[in-house]
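Open the structure in your viewer and keep the selection panel at hand. The tour goes from the whole chain to single residues.

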Amino acid sequence: MTLALRLAEQGLYTTQPNPHVGCVIVKNNQIVGQGAHLKAGEPHAEVFALREAGSSAEGADAYVTLEPCNHHGRTPPCVDALINAGVKRVVVAMQDPNPLVAGNGIKRLQENGIKVEVGLMGGESMSLNLGFISRMTSGLPYVRCKIAASLDGRTALNNGKSQWITGESARIDVQNWRAQSCVIITGIGTVLADNPSMNVRLENTIRQPLRVIVDSRLQTPVDCKMLNPELIVTSPVLLAYAHDVANKAVSLAATGAQLLHLADKSGRVNVRKLLENLASRGVNDVLLEAGQGLNGAFLQAGLIDEFILYYAPKLMGADAKAMFAIPELVEMQQATELQIVDIRQFGSDIRLRAKPVKKIT
């Protein structure tokens, strides 16, 4: 199962909206076939593993990181492939949260005389598919909030300058998080202050995520880097707005950007509705790369599932910009409690990953 999980990681950047799945076929304590799901619309992990195993799959054990599918999508059901190959036992790391599967694949295997065991390294499989699980169970993608900050928690100088707080090693690591995300969300404040491209700049990048600008008043400059005509062809942009104050919708749409009107009662973009819309498009994983205003809006709405915080050994002072713009807290019980899940060093910077113990609602 460890090998199956490693195989599943091969599709980390390419399987969206599908989950990351690996499969290993074992007979007489020997691996006879292995495979991974690499791209939506292409064969699933079980099919690749069974092809490699050939006739040796008969009477063999199959180790799969996610319950085999039992429905016709863009590919035939994997349970049929396992049944037709004559495997005798299937070890499944976790049940598929997709309502179209949700135990039906396991049931079908058992009805055809195949022994099924569920739960081996289930936690590891869940960690590999947090976005897919979130979309299937809550109707929302999994949101990671990435922030680069000084040791005193400051993300930009008071004049808006922030390039660069962290070093090159940390910035390369951010590119990996971008690459495995379906969507990168930023705010109009970041666009106006930094004019970023917000695309993946790794070598051999196969897929660019959708880039979303939360821009309540449609202030995005038509000549900003994110709307560069050459870039937008492979890196689409979605503008989520509440009001077209300057009548810019037509000119912004002419750049090739998509526009989405999502106003809340306060006249700002409804960020929950934005995430619901993205989930309806098959988005599993979102990387939030924004300033204190949008970060604060997501935090207050309880929409951040994980924080990826890069701390540089610098001090920027009390007048510099903070991580989150939220109303003043008057009791310690109001503070967002976090559980640190990982700490690593990249060059001279420290990356801290944490998840909220409780969310502000």
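What radius of gyration does the chain have, and what would a compact globule with 361 residues have? The chain has 23 Å, and a compact globule would be near 21 Å, which agrees. Keep in mind that this is a predicted model.

**Whole chain.** Show the cartoon. It holds 12 helices and 14 strands. Turn the C-alpha trace along its principal axes: the span is about 70 × 45 × 40 Å. Colour by burial next. Buried residues account for 51% of the 361 residues. Switch on the surface. The accessible area is about 17000 Å², and carbon and sulfur atoms own 50% of that. Now colour the charges. There are 36 positive and 33 negative ones, and their mean positions lie 2 Å apart. Contacts come next. Take those between residues at least 6 apart in sequence: 72% of them join residues at least 24 apart.

**The largest nonpolar core.** In soluble globular proteins, nonpolar side chains tend to be buried together. Select Val183, Ile185, Leu274, Leu275, Leu278, Leu288 and Phe298. In this core of 34 residues, these seven touch the most other members. Centre on Leu274. Beyond its neighbours within four places in sequence, Leu274 is in contact with Ile185, Val212, Val214, Leu238, Ala240, Leu260 and Leu262. Apart from this core lies another, of 24 residues. Ile25, Ala49, Leu109 and Phe132 are among its members.

**Helix 6.** Select residues 130-138. Which residues of helix 6 are buried? They are Leu130, Gly131, Phe132, Ile133, Ser134 and Arg135. Phe132 also belongs to the 24-residue core. Now add the packing partners of these buried residues. The helices are helix 5 (122-128) and helix 11 (271-280). The strands are strand 6 (142-150), strand 11 (285-288) and strand 14 (349-356). Step just past the end of helix 6 to Gly139, where phi is positive, about 75°.

**Val283.** Go to the loop between helix 11 and strand 11, where Val283 sits. Is Val283 buried or exposed? Val283 has a relative accessible area of 7%, so it counts as buried, the cut-off being under 20%. Show what surrounds it. Leaving out residues up to four places away in sequence, Val283 touches Arg135, Pro141, Cys182, Val183 and Leu278. Arg135 is one of the buried residues of helix 6, while Val183 and Leu278 are in the largest nonpolar core. Finish with a distance: from Val283 to Arg171, 112 residues apart along the chain, the C-alpha separation is 24 Å.

Key:
Residues numbered from 1 in each chain as written. Predicted model: local features only at pLDDT ≥ 70, side-chain atom pairs only at ≥ 80, totals over all residues. Heavy atoms only, no water. Helix = DSSP H or I, 4+ residues; strand = E, 2+ residues; numbered from the N terminus. Rg over C-alpha atoms; globule rule 2.2 N^0.38 Å. Buried < 20%, exposed > 50% of the residue type's maximum accessible area, 1.4 Å probe, protein only. Contact = heavy atoms within 4.5 Å. Areas by Shrake-Rupley, 256 points an atom, 1.4 Å probe, with all protein chains shown as cover. Lys, Arg positive; Asp, Glu negative; His and termini not counted. Charge placed at Lys NZ, Arg CZ, Asp CG, Glu CD. Core = buried A, V, L, I, M, F, W, Y, C linked by side-chain atoms within 4.5 Å.
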